[in-house]
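Subject: The structure we talked about

Hello,

Here is the structure I promised to pass on to you. Please open it alongside this message and have a look at your own pace.

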Amino acid sequence: MEKIVSGIRPTGNLHLGNYFGAVKNFLRLQEEHNCYFFIADYHSLTTHPTPGDLTESVKNVLVEYLACGLDPEKATIYLQSDVQEVAELYLLLNMNAYMGELQRVASFKEKARKQPQNINAGLLTYPVLMAADILLHHASKVPVGQDQQQHLEMTRTFARRFNNMYKVDYFPEPEAYNFGDNLIKVPGLDGSGKMGKSETGNNAIFLSEDLKKTRKKIMRAVTDAGPTQKNQEKPEVIQNLFKLMSIVSSKDTVEYFDEQYNECKIRYGDMKKQLAEDVIRFVEPIKQNIDELHKNEEYLNKVFEQGAERAKENAGKTIRQVREIIGFKNKF
Ligand code: TYM
């Protein structure tokens, strides 16, 4: 039985990118491994320093985790800030994390570009906190989307460095994981790249949103004027629409529209209508669960209490061992 760790930041509701990049794998892994799935509320402060109602955002993600089928009896589901041991491991790992390597991380450069007024140290050391999340539980596999690949490389670097510096074989070097396949990037609806929480929210399909809104957003997804030559290569916006369809629709459906494209007969309106049907069929039962779970706060609190207890037990052991390895002494 392997140890698995992964988390999602509570900076908005879960969308199909989160689901197909991460949560879908959580569901498979919880059946046979020792899994720790958490909500990364500390991490969210790097971009949202005054988050407003953080408790509500955390509740939404917990509800959505459970609505998708994460099972607290099979996996340990917890809130990052309930397990403060992670903050100590983060501190200790920071001592051996170097400015140069942190400044080169693509996500840091991107965030620094996006929020020039708030290039905080937490943003710079984001991969160190992430490594602490993972190493705290000695995870060997980390189910994530493609955008987290570089962070996992950093985690391996920090694990290796710790082992070398203190001459131990203590931390495993975990890998980003997607059942033997490449990590995935779910495209968004604006044609420009990955699905994510945009300012307008029109780039992402959220699990909790009104289904009429979902349909409307999909019908408005960016396309082009259509193919002019048979079998021509698809431009990126169209490739993205097909990619999205290949994630939620059947193979036959994708093949049908692919053929229509190649024959220059495609009507994007029909394609989007079909895509909306297939997305809604997938999202509808999850959405029903979300509505039910929101009412059951007692249960939600119990999930976090039980999760924190289990996660802390493991985390406490790691911290005691790490202190000992580095050379902290409680008594002379
Ligand atoms: P976050 O909150 O941005 O995203 C959560 C998960 O969803 C995946 N994801 C996607 N996958 C495919 N296509 C997309 N369009 C897409 N959008 C999001 C992300 O890859 C991620 O797996 N740093 C992490 C949170 C974190 C973490 C960790 C993850 C903190 N500590 C330890 C794993 C292990 C993040 O910001 O994810």
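Below is what I found in it, starting with the ligand and moving on to the aromatic side chains.

Please keep in mind that this is a predicted model, and that every value below was computed from it.

**The ligand and its surroundings**

Which residues come nearest to the ligand? Of the 26 residues around it, these are R9, Y126, D133, D147 and V186. Two of them also make polar contacts through their side chains: Y126 places a polar atom 2.7 Å from a nitrogen atom of the ligand, and D147 has one at 2.4 Å from a ligand oxygen atom. N18 joins in as well, with a side-chain N or O atom 3.1 Å from an oxygen atom of the ligand. As for how much of the ligand is covered, the ligand on its own has 710 Å² of accessible area, and the protein covers 97% of that.

**Aromatic pairs**

The structure has 13 aromatic pairs, and I picked out two for you.

One is F20 with F282. Their ring centres are 5.2 Å apart and their planes meet at 35 degrees, so this pair counts as tilted; the tilted class lies between stacked, under 30 degrees, and edge-to-face, over 60. What makes the pair worth a look is where its partners sit: F20 belongs to helix α1 (residues 16–29) and F282 to helix α13 (residues 268–294), so the contact links distant parts of the chain, 262 residues apart. F20 counts as buried because its relative accessibility is 10%, under the 20% cut-off. F282, at 23%, counts as partly exposed.

The other is F162 with Y170, whose ring centres lie 6.3 Å apart with the planes at 45 degrees, so this pair is tilted too. F162 is buried at 4% relative accessibility, and Y170 is buried at 15%. Both rings belong to one aromatic cluster, which F162 and Y170 form together with Y166 and F171.

**Charges over rings**

Where do charged side chains sit over aromatic rings? The charged end of R28 is found over the ring of F179, 3.5 Å from the ring centre. Likewise, K234 has its charged end over the ring of F242, at 4.5 Å from the centre.

If you want somewhere to begin, try Y126, D147 and N18 with their polar contacts to the ligand, then turn to F20 and F282.

Happy browsing, and best wishes!

Note on methods
Residues numbered from 1 in each chain as written. Predicted model: local features only at pLDDT ≥ 70, side-chain atom pairs only at ≥ 80, totals over all residues. Heavy atoms only, no water. Phe/Tyr/Trp six-rings, centres within 6.5 Å; stacked < 30°, edge-to-face > 60°. Helix = DSSP H or I, 4+ residues; strand = E, 2+ residues; numbered from the N terminus. Buried < 20%, exposed > 50% of the residue type's maximum accessible area, 1.4 Å probe, protein only. Lys NZ or Arg CZ within 6 Å of the ring centre and 35° of its normal. Near = heavy atom within 4 Å. Polar contact = N/O pair within 3.5 Å; in protein donor to acceptor, adjacent residues only side chain to side chain. Areas by Shrake-Rupley, 256 points an atom, 1.4 Å probe, with all protein chains shown as cover.
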